[in-house]
Amino acid sequence: MVRFFSFSLLAVLAGAAFANTNVEEQVLVETPVHTTEGWSYTDCGLPSDPVQLKSISLFPDPPKPGQDLTITVVGTAVETIEDGAYADVVVKLGLIKLLTKRFDVCEEARSANASVQCPVEKGDYTVVQTVSLPKEIPQAKFSVSVRGYTKDEDDMLCLDLKVDFMKRPFFEFW
């Protein structure tokens, strides 16, 4: 489970989304960008953040314990992301914190042998990462908070994820 979130974090931070725009007033609007019965994400960042998300997609959608999960993140690095960038990740089950960890973004990319390595130059990226989900993932709803920061401790990315691993009925009525 933790490996899934660290790899999805890597995919999110290595890529990002639409091109740089000059925005004089920064308005924080938290709206779900994607929702299925199994997961959703909210880009809670600002238009001035160095990493701008365009989309995140999963296959299979929704994710299933015990199966490989392919995460595709599309976005834009508006600024160069250098060694020293990090992300604070909090995984919760309800109000209970299961994980609070700081990840070195560049080290995670090196360890995963990702296609995008630091320094991440300005530009558009599509990052695809496949991870194996453990079959022991509990039947529960998890929330994940990702707050990314540059080497200079400036905001880089803000992302909130919700993942539902609750069992679905054997069949559904239409």
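Select Phe142 to begin: this residue is buried, with a relative accessible area of 5%. Buried here means under 20% relative accessible area, exposed means over 50%, and partly exposed lies in between (1.4 Å probe, protein chains only). The model is predicted, so local features need pLDDT of at least 70 and side-chain atom pairs count only at pLDDT 80 or more, while totals for chains, interfaces and linings use all residues. Residues are numbered from 1 along each chain as its sequence is written, and side-chain values use heavy atoms, with hydrogens and water left out.

**The aromatic pairs**

A search of the whole structure finds 3 aromatic pairs. Rings of Phe, Tyr and Trp (its six-membered ring) pair if their centres lie within 6.5 Å; planes under 30 degrees apart count as stacked, over 60 as edge-to-face and the rest as tilted. Add Phe165 to the selection: the ring centres of Phe142 and Phe165 are 6.1 Å apart and the planes stand at 70°, so this pair is edge-to-face. Because Phe142 belongs to strand E8 and Phe165 to the segment after E9, the pair ties together parts that are 23 residues apart in sequence. Phe165 is also buried, with a relative accessible area of 5%. Helices (H or I, at least four residues) and strands (E, at least two) are DSSP runs, numbered from the N terminus.

Select Trp39 and Tyr41 next. Their ring centres lie 5.9 Å apart with the planes at 15°, so the pair is stacked. Both Trp39 and Tyr41 are buried.

**Strands E5, E8 and E9**

Display strand E5 (residues 86-93) together with strand E8 (residues 141-149); the two run antiparallel and are joined by 8 bridges. Two strands pair if DSSP finds at least two bridges between them. Asp88 has Arg147 in E8 as its bridge partner.

Extend the view to E9, which runs antiparallel to E8 and is joined to it by 9 bridges. Here Val146 has Leu159 in E9 as its bridge partner. E8 and E9 form a hairpin with 5 residues between them.

Zoom in on the loop between E8 and E9, where Glu153 is found. Glu153 has a positive phi of about 70° although it is not a glycine, and it is exposed, with a relative accessible area of 56%. Asp154 is in the loop between E8 and E9 as well, and is partly exposed, with a relative accessible area of 45%. Leaving aside neighbours within four places in sequence, Asp154 is in contact (heavy atoms within 4.5 Å) with Gly148 and Tyr149. Asp154 and Asp49 are 105 residues apart in sequence, and their C-alpha atoms are 8.6 Å apart in space.

Follow strand E9 (residues 155-164) to Asp164. This residue is buried, with a relative accessible area of 14%. A polar atom of the Asp164 side chain lies 2.8 Å from the backbone nitrogen of Met166.

**The three-stranded sheet**

Turn to the open sheet of 3 strands, with the order E3-E4-E7 and antiparallel pairing. Strand E3 (51-59) and strand E7 (123-132) stand at the edges, each with a single partner strand, so one side of each is left without a neighbour in the sheet. Strand E4 (residues 68-77) pairs with E7 in the antiparallel sense over 10 bridges. One place to inspect is Ala77, whose bridge partner in E7 is Gly123.

**The nonpolar core**

Which residues touch the most other members of the largest nonpolar core? Select Ile56, Ile71, Val120, Val146 and Leu159, which do so among its 37 residues. The largest share of this core, 5 residues, comes from E9. A nonpolar core is a set of buried Ala, Val, Leu, Ile, Met, Phe, Trp, Tyr and Cys residues joined through side-chain atoms within 4.5 Å.

**Backbone features in the loops**

In the loop between E3 and E4, select Pro62. The peptide bond from Asp61 to Pro62 is cis, with omega near 10°.

Then move to the loop between helix H2 (105-111) and E7, where Pro119 is located. The peptide bond from Cys118 to Pro119 is cis, with omega near 0°. Finish at Asn113, also in the loop between H2 and E7. Phi of Asn113 is near 50°, a positive value in a residue other than glycine. Asn113 is exposed, with a relative accessible area of 68%.

Technical notes:
A polar contact is a pair of N or O atoms within 3.5 Å; within protein, one must be able to donate a hydrogen and the other to accept it, and residues adjacent in sequence count only if both atoms are side-chain atoms.
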